[in-house]
Amino acid sequence: QVQLVESGGGLVQPGGSLRLSCAASGSVFSINAMGWYRQAPGEEREWVAHISSGGSTNYADSVKGRFTISRDNAKDTVFLQIDNLKAEDTAVYYCFLDSQRRYWGQGTQVTVSS
């Protein structure tokens with residue numbers, strides 16, 4: 001079994017930055033990709049970004065240029081650096097890990113408000 005624990009969310013003013021972390025533990029074998037989704041109130045969960053085991057990255061158009069995904073393979077941890085935060089970035093951010101199946105974290109709240 002694999003567990004994912006996110007951290008780093010919080011309340012931030014527009015234009016601010018946050019760094020989300022997601023650490024995997026348990027029976028982690030052959031990780032393919034890790035990444036992030038988010039879900040705003042009343043909206044469906046949407047894909048944000050992912051990073052392959054080789055380090056290739058992909059981003060949703062809505063976050064390109066402001067979000068940066070990275071990973072520490074030695075620690076089975078994925079990060080999401082979010083810069084120039086906007087009100088529309090307010091959501092619960094969920095990390096995922098693709099191995100034999102997809103695993104999800106419990107989510108971390110990001111609120112952008114002045």
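A residue counts as buried when under 20% of its relative accessible area remains, and as exposed when the figure is over 50%. With that cut-off in mind, one can turn to this model, which is predicted, and find that 44% of the 114 residues of the protein count as buried.

The chain is built from strands: the protein has 11 of them and 0 helices, so that reading from the N terminus on, one meets β-β-β-β-β-β-β-β-β-β-β. Its C-alpha trace spans about 40 × 25 × 25 Å along the principal axes. The radius of gyration is 13 Å, which agrees with the value near 13 Å that a compact globule of 114 residues would have. Among contacts between residues at least 6 apart in sequence, 54% join residues that are at least 24 apart.

What lies in the interior? In soluble globular proteins, nonpolar side chains tend to be buried together. Here the largest nonpolar core holds 30 residues, and W36, L80, Y93 and L97 touch the most other members. Two or more residues of this core come from each of β1 (2-7), β3 (18-26), β4 (33-39), β5 (46-52), β7 (67-72), β8 (77-82), β9 (91-98) and β11 (108-112). Leaving aside neighbours within four places in sequence, L80 is in contact with a set of residues that includes L18, L20, W36, V48, F67, I69 and Y93.

Turning to the outside, the accessible surface of the protein comes to about 5800 Å², and carbon and sulfur atoms account for 46% of that area. The protein also carries 10 positive and 11 negative charges, whose mean positions are 4 Å apart.

Notes
Residues numbered from 1 in each chain as written. Predicted model: local features only at pLDDT ≥ 70, side-chain atom pairs only at ≥ 80, totals over all residues. Heavy atoms only, no water. Helix = DSSP H or I, 4+ residues; strand = E, 2+ residues; numbered from the N terminus. Rg over C-alpha atoms; globule rule 2.2 N^0.38 Å. Buried < 20%, exposed > 50% of the residue type's maximum accessible area, 1.4 Å probe, protein only. Contact = heavy atoms within 4.5 Å. Areas by Shrake-Rupley, 256 points an atom, 1.4 Å probe, with all protein chains shown as cover. Lys, Arg positive; Asp, Glu negative; His and termini not counted. Charge placed at Lys NZ, Arg CZ, Asp CG, Glu CD. Core = buried A, V, L, I, M, F, W, Y, C linked by side-chain atoms within 4.5 Å.
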